[in-house]
Amino acid sequence: MEQRRQDAWRDRRQLVVFVVALVLVFSGASAQIRYSISEELKEGTLVGNIAKDLGIDIGIIKERGFRIVSGSTEPLFHVNQNDGMLYVKRKIDREEVCERVSVCLINLKTVLENPLEIHYVGVEILDVNDHSPSFPENERELEISESALPGARFQLQAARDADSGVNAVQQYKLSSNDHFRLELSDRGKDGKVPMLFLHKQLDRETSSRHQLLLTAIDGGKPPLSGTVKLFINVLDINDNMPVFNKDVYSVTLNENSPIGTKFIQVNASDMDEGLNGDVFYSFGSNANSKVRELFNIDPNTGEITVKGLIDYEGEESFAVDIQASDKGPVPLTTDKIVFIKIVDINDNSPQIEVASMSSAISEDSRPGTTVALISITDLDSGLNGKVVGNISNEVPFTLIPSIQDNMYAIVTKALLDREKQPHYDVTIVAKDAGEPALSSMTTIGVIVSDVNDNSPVFSLSPYMFYVTENNQPGAIICSVRAFDKDENQNSVISYYIARGGSDKNKVSPFLNINSENGDILALKGFDFETVKTFDFQVVAKDSGTPSLSSNVTVHVFILDQNDNAPVILYPVSANGTAEGVEEIPRNVNAGHLVTKVRAYDADIGYNGWLLYSLQEVTDHSLFALDRYTGHIRTLRSFTETDEAEHKLVILVKDNGNVSLSATATVIVKVVEPKEAFAASDVKSAAKDEEDNVSFYLIITLGSVSILFIISIIVLIAMQCSKSTDYSSKYLQETNYDGTLCHSIQYRSGDRRYMLVGPRMSIGSTIVPGSNGNTLVVSDRRRASGEVRNT
């Protein structure tokens, strides 16, 4: 017998090794590594080449510390660091590892360090029919009254087998006899229970004791079995069994009922008298360990009470075997099942889970766009598990139930604007309908993505800049800046100058703009005397699709530089030299006007304000020069000793920071009075021509004076109105040609306009209210918050 078992075990082991080999062959084509081995294998048995199956180089597994993470328990397997093989570390008992589980799968977590790498391997432990069926006792004595009638049934204890599936108990056999036969009662998950059926009445006088052999057989190949000896003692007299007062016992019990709660009482009676009719109660032999842990029965009263924690979510109902026995010399028992239905109470809060969610939602999404799908579940039942969800905070989203139970959709209920709010925290509250109600809450973040819905906006509109003439070609003269409320590519701005045929001053073709930062460059130098102001349009365009743009007008004012030297009008230049001859009578008195040197400067302000000085004179005591008018007069009368011819060199220079000048030479001839009268006739013709030039000069000066007066009036009006319009802070353009008696100069350092007269020194100022000629324009830009580049 022992030899056959060893042969059978050897055959089964060879079969397991063959199965493992097949699994290893085919596991290479599977995405998940899984081995199957038989239980009870010896320590050191090969499971598989785990390194090869995981695709790990054998040469590095020892260096990287390839190992199995087992936690706090002793590991069942280990990896050989030299060959990468997986071996059984200790003998595995499937019934110990996976009690009452149909598929015994052990998940192993393997770790490679430096760098960290984790792999998961499954090992299925196959059951071996290594346990025989066994009864709780080797011998069992039953006492049956001789008054028991044919048809009586006596429940026997079922055999237990630690194996599972087909290897568990499949059938029972009873040894051959004349009075009993075996019946099986199917108890569902508890398996088949043997019942001893009396088909022929017992006769104590014929036989007071019967010996039977009950055999339990499992479904293994070969099958294993276990036996129990049944000794039937035939008793006399006590021929009535206890009878329960109800055919069916059924009760409801609230979960979480306190320990000691009495919820039902069973009652059985026995028609016998004395001890034969005295009944006591107990759990039936088939009451499982779970029932015995949760409930208790009073043997005298039959009251069933709560012993452990009752959880509806763990078990919704119980079928409890109750046994009533009398105390007769030959006790009679009756079995009854008490059905206990557990009543759910609201002890579980709703659970919120995000099933699906968009990473971001576009700001132009229409109301009703789905943002996320969430699942709300409650482990309770009935109203306790009925859940209602909603959004608790003020956000443009709402929660809509889905067609599928417990599913909700978060959708938009209003238009979104990323520029106002780029992110929302949506708080979801789920509340059940229990008493008292339980609730839970979770918050999810919703990101609003950008669309190109904002045009670029310039920091100023319009822009006004001041540029000094003769600027360096290619240098930056001004900059414009725009910003876009959008983000990323939608906010990347490029600049360009709008070109068109309507450009009056034709200056924009000589301008260029940096498309990235808005710096504007002049491709040529400007000449104040040619153009004093111009404007152009700059367009800012973003990089969105489709792109949006905006434009702004840029006003540029050219500031004068001292780049023009004075030009001598009289004496008239000949061959590049201004030289004239003046004849005066010898008998003139002091203060006689000899002549007037006339000159003009194309510049304005201080740059065009001319001063005259004597550079060279033959006799300083005879002639004087007015530094502002250029008049040459005699200082005294001539004497007989004075020479007849005098040479005067006059220097004419402007008042620029770097003065420019020109010279004129006047030859004064002193003649007798008669000669002077004759010379006067000759000069009369020239005088007429000079008067014509003076006439035109007077017209020009008069026009300039009128424009100056108009400008002063306009400035005063603007100052009084305190308008915030940019145009109120700048004077109208005046194109001056020639020498001005008065001129307007904008002092960028002092930020004011100055009226300069011929009797004022450079840099002198007169505050408003005085009788001087300087007008100070208040700077209202700071009050209005304007920013201007100069």
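Two strands count as paired here if DSSP finds at least two bridges between them, and the strands themselves are DSSP runs (E, at least two residues) numbered from the N terminus. The model is a predicted one, where local features need pLDDT of at least 70 and side-chain atom pairs count only at pLDDT 80 or more, while totals for chains, interfaces and linings use all residues. Residues are numbered from 1 along each chain as its sequence is written, and side-chain values use heavy atoms, with hydrogens and water left out.

On to the sheets. Strands of a sheet pair through backbone hydrogen bonds, either parallel or antiparallel. One open sheet is built from four strands in the order β24-β26-β29-β28, with antiparallel pairing. Its edges are β24 (351-357) and β28 (397-401), each of which pairs on one side only. On average, neighbouring strands of this sheet are turned by 30 degrees against each other, direction ignored; the axes behind that angle are lines fitted to C-alpha atoms, and angles in general run from 0 to 180 degrees between N-to-C directions. Between β24 and strand β26 (residues 370-377), which run antiparallel, there are six bridges. Ile352 has Ile376 as its bridge partner in β26.

A second open sheet, also described by four strands, follows the order β8-β14-β13-β10, and here the pairing is mixed. Strands β8 (139-145) and β10 (169-174) sit at the edges, pairing on one side only. The average turn between neighbouring strands of this sheet is 25 degrees, direction ignored. Strands β13 (residues 209-218) and β14 (residues 225-235) run antiparallel and are joined by nine bridges; Leu214 is partnered with Val228 of β14.

Then there is Thr663, which belongs to strand β50 (residues 661-671). Thr663 is partly exposed because its relative accessible area is 45%, the partly exposed class lying between buried (under 20%) and exposed (over 50%), with a 1.4 Å probe and protein chains only. Apart from neighbours within four places in sequence, Thr663 touches Ile568, Ala578, Ile650 and Leu651, contact being heavy atoms within 4.5 Å. Tyr612 is 51 residues from Thr663 in sequence, with 9.4 Å between their C-alpha atoms.

Finally, the surface. Tyr120, in strand β7 (residues 117-126), counts as exposed because its relative accessibility is 56%.
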